[in-house]
Amino acid sequence: MSIQFDPQDKTITLHTRQTTYQMQISDTGHVLHLYYGRRIDGMCLDYLHILTDCGFSPNCYENRLRRQVSQDILPLEYSAAGCGDYRVPALECVSAQGITGADLRYVRHEITGGKYRLPGLPAAFAGEGEAQTLSLVLADQATGLEAELLYGVFEAADMITRAAVFHNRGKAAIRLDRASSLCLDIPFDGDWDLLHFHGRHCMERMPERVRLMHGIQSVSSRRGASSHHHNPFAVLMASDATRTQGACIGVMPVYSGNHRTDIEVNQANAIRVVSGLGGDLFSWQLEPGDSFHAPEVILCHTDGGLEDLTHRYHAFLNRHVIRSPWRDRVRPLLINSWEAMTCDFDAEKVLKFAGEAARLGVEMVVLDDGWFGTRDDDNAGLGDWWANEKKLPGGIRPLSDVIHGMGLKFGLWIEPEMVNENSDLYRAHPEWVLAVPGRKPVMARNQLVLDMGNPAVVAHLYGVFSALIRENGIDYIKWDMNRNIADAHSAALPPHRQLEASHRYMLGVYGLLDRLTGEFPEVLFENCAGGGGRFDAGMLYYTPQIWCSDDSDAIERLTIQAGTAVGYPVGTMGAHVSICPNQQTGRTVPFGTRAIVAMSGTFGYELDPAQLSEAEKRQMRVLAERYRRFYDVIHRGLYYQLADPGERGDFAAWAFVAADGGQALLNLVVTRTHANTHGIHLRLRGLDPEAQYRLAELIVEGCDRPDGEYLGGAGLEGRVFTGAGLMYAGLTLPPMRGDYPGVQLLLERMDAEAL
Ligand code: DGJ
């Protein structure tokens, strides 16, 4: 049993393969958090918490003569505002009678097989026997508010999911102002750092590691989307933890809207982490008898350093979060029209583009923005999801048929959540946008945001997009979202519910995604929000891949993809080879190097093949074949970031190692070339130390020395290496000349008989 209740010492213990999580019900009914860390069996850990009178830390009434027992100091499993715990609360609420906060005490708990579900929200799922659920109910007497804490314990995957459901069992309405799924108190045991992933449009998820300070620090978004700016993923790292060793705790909300993870270091140097919904853009009116589900958080602990945490999140998201059948399929090698033609195309141009691509090994053509309504640029048309007859006479179907006839799949771009003022939809339904009455709306990309919290809007969109997919033989959908929400005011909600608009928006988006992906499981959905503006576990539940960034420059992508891959599997990252000079940076990078980078994601193209040289076209054919050859090791292997440009400045290197250690693919890109350098030295990880490996393939791109000559200097050819040698002593590659040269090097374990 991975969840155990001990009636003697009143502990509830959750075990995963390598971790233990323990809590205890105290004599006052507070649920104390005792431990989360490396696995410990058969032990009550309540001795860890020394009771002291801290001064200015109050006591609950029952403890008025035991001043050393304060709810402000004790590690609590879940804590609300207004009851003498001054740390950052997991729950803030006020009842219609004016009662603020909640004094949450234990009521009951239940342990069941399987994984709980959250209606209307994305959440991890489990197969038979893969998870158990703990439901722990705390309640506040004064208001009748119940907080049901849900724990999904995935023993083999070493993960615990957390969610909270709030039930109003009282007689008056209760307004939730903060509703967190996770509250985690970590006692002081040395210094901890916070690793978070900030960014901007075209430079998402840049890791930043900072020492935790006393007080509250936050990772949050108020943009109505999980955002390019603050990804909903935070890692606490013991200050001595590194990539390969030490304690790390990951907190990953399964949510795509406004999120908030607060980390507080208190007077006792203890840490509290609270994650969920909150802040000035959230409240929820809970009428008597109603329940509210807060979005899930995926929690992970390891002592094996950041890399081990990464491996656990990758495996978990791949197995327990991504639902699409495409998760386990080789994704088609696609070409997307956006950087090649933006909105400037017609059927003839698209067919020429498709025909050329088909000859070069591409398997799917994606027609991006510009095919609908009056969409000649990004000022008009959003909302009018019928083909622009001037560009595509007869509509999408004839185009789709011809493209299918070429042996290609056909995909289409949509931006369901948005509308232009200059559209028939807006003219017919101005009340369907989020807008503040009496104020001119805040514009972005000259577009407005539809009120996805309004069921009429979602019903309309479902009708439009299900027909579009069904009637036109669509194989792939790129679901874009190109602005953040500013006027989160819904014409469909009464005044006292206006702060619900942002969360209702996300529920509407999830509802629409759920219906469409459920009805069309064979369609491959790719999420996008101006690149990676909603790269989160919530979206991955519906769409197995996400366009990683609108910055397609391969050198920029080294940073973006490495940051993204700390939490998210490489198979989720949309990555394309685009034209050079790159449209975002003006930089020129060798074609082959661009391909090495894009291949570490869902490989594709974002260019017009007609503009390529004959040599580049030949290379595309070679790459199509290489993509398939390396697919398994990249997408099913373990990912190791060996050197990133941020650390060394001169090159980035990363490897994929097959789970059984049988194959390893080393990838390397030189980001700064120097004269008189001494080679590139790397140590691999994840190999079988006892095994012998041979160099099965070496691909050198963009280096001014041909492959053979380059290798000649390395003395690697024909050599046999041991796994131990490659990991402990490493590998030295000769210096590379040229602009942004790159290498792919495939190592294969030798069979015993081949030795
Ligand atoms: C933003 C996306 O990230 C791009 O790839 C492209 O689809 C444009 N939107 C189209 O408007």
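L134 touches I3, I12, L14, M23, H109, E110, I111, L149, L150 and Y151, leaving out residues up to four places away in sequence. The model we are walking through is a predicted one, and L134 makes a good place to start. This leucine belongs to strand β7, which spans residues 132-140. With a relative accessible area of 0%, L134 is buried, because anything under 20% counts as such. To get a feeling for distances along the chain, pair L134 with L731: 597 residues separate the two in sequence, and their C-alpha atoms are 48 Å apart.

The domain assignment helps to place these two residues. It gives domain 1 as 3-320 and domain 2 as 641-754 in the protein chain. Between the C-alpha centres of the two domains the distance is 42 Å.

L14, one of the residues touched by L134, leads us to our next stop, since L14 is also in contact with T19. T19 sits in strand β3, which covers residues 19-25. Is T19 buried or exposed? Its relative accessible area is 2%, so T19 falls under the 20% limit and is buried. Its side chain has a polar partner in the side chain of T16, at 2.5 Å. Beyond the neighbours within four places in sequence, the contacts of T19 also include Y36, G37, R38, R39, D158 and H301.

Now let us turn to the ligand. Which residues come nearest to it? Among the 13 residues around the ligand, these are D368, D369, K478, D480 and D550. Two of the aspartates face ligand oxygens: a polar side-chain atom of D368 lies 2.7 Å from one oxygen atom of the ligand, and for D369 the corresponding distance to a ligand oxygen is 2.6 Å. D480 deals with a nitrogen atom of the ligand instead, with an N or O atom of its side chain 2.7 Å away. On its own the ligand would expose 290 Å², and the protein buries 98% of that. Sorted by class, the surrounding shell holds six charged, four nonpolar and three polar residues.

Further along the chain comes helix α9, residues 554-564, where nine of the eleven residues are buried. Those nine are A554, I555, R557, L558, I560, Q561, A562, G563 and T564. The start of α9 has a contact worth finding on your screen: a side-chain oxygen of D553 comes within 2.7 Å of the backbone nitrogen of I555.

A few backbone details round off the tour. C580 and P581 are joined by a cis peptide bond, with omega about -5°. P581 is part of the loop that runs between β29 (573-578) and α10 (591-599).

Two asparagines also deserve a look. N269 is not a glycine, yet its phi is positive, at about 65°. This residue lies in the loop between β16 (259-265) and β17 (271-277). N676 likewise has a positive phi, near 50°, and its loop is the one between β33 (663-670) and β34 (680-682). How does each stand with respect to the surface? N269 is partly exposed, because its relative accessibility of 28% lies between the 20% and 50% limits. N676 has a relative accessible area of 69%, which is over 50%, so this residue counts as exposed.

Notes: Residues are numbered from 1 along each chain as its sequence is written. This is a predicted model: local features need pLDDT of at least 70, side-chain atom pairs count only at pLDDT 80 or more; totals for chains, interfaces and linings use all residues. Side-chain values use heavy atoms; hydrogens and water are left out. A residue is near a molecule or strand if one of its heavy atoms lies within 4 Å of it. A polar contact is a pair of N or O atoms within 3.5 Å; within protein, one must be able to donate a hydrogen and the other to accept it, and residues adjacent in sequence count only if both atoms are side-chain atoms. Accessible areas come from the Shrake-Rupley method with a 1.4 Å probe; for residues, only the protein chains shown count as cover. Ala, Val, Leu, Ile, Met, Phe, Trp, Tyr, Cys and Pro count as nonpolar, Asp, Glu, Lys and Arg as charged, and the others, Gly among them, as polar. Helices (H or I, at least four residues) and strands (E, at least two) are DSSP runs, numbered from the N terminus. Buried means under 20% relative accessible area, exposed over 50%, partly exposed in between (1.4 Å probe, protein chains only). Contact means heavy atoms within 4.5 Å. Domain bounds come from an automatic or database domain assignment.
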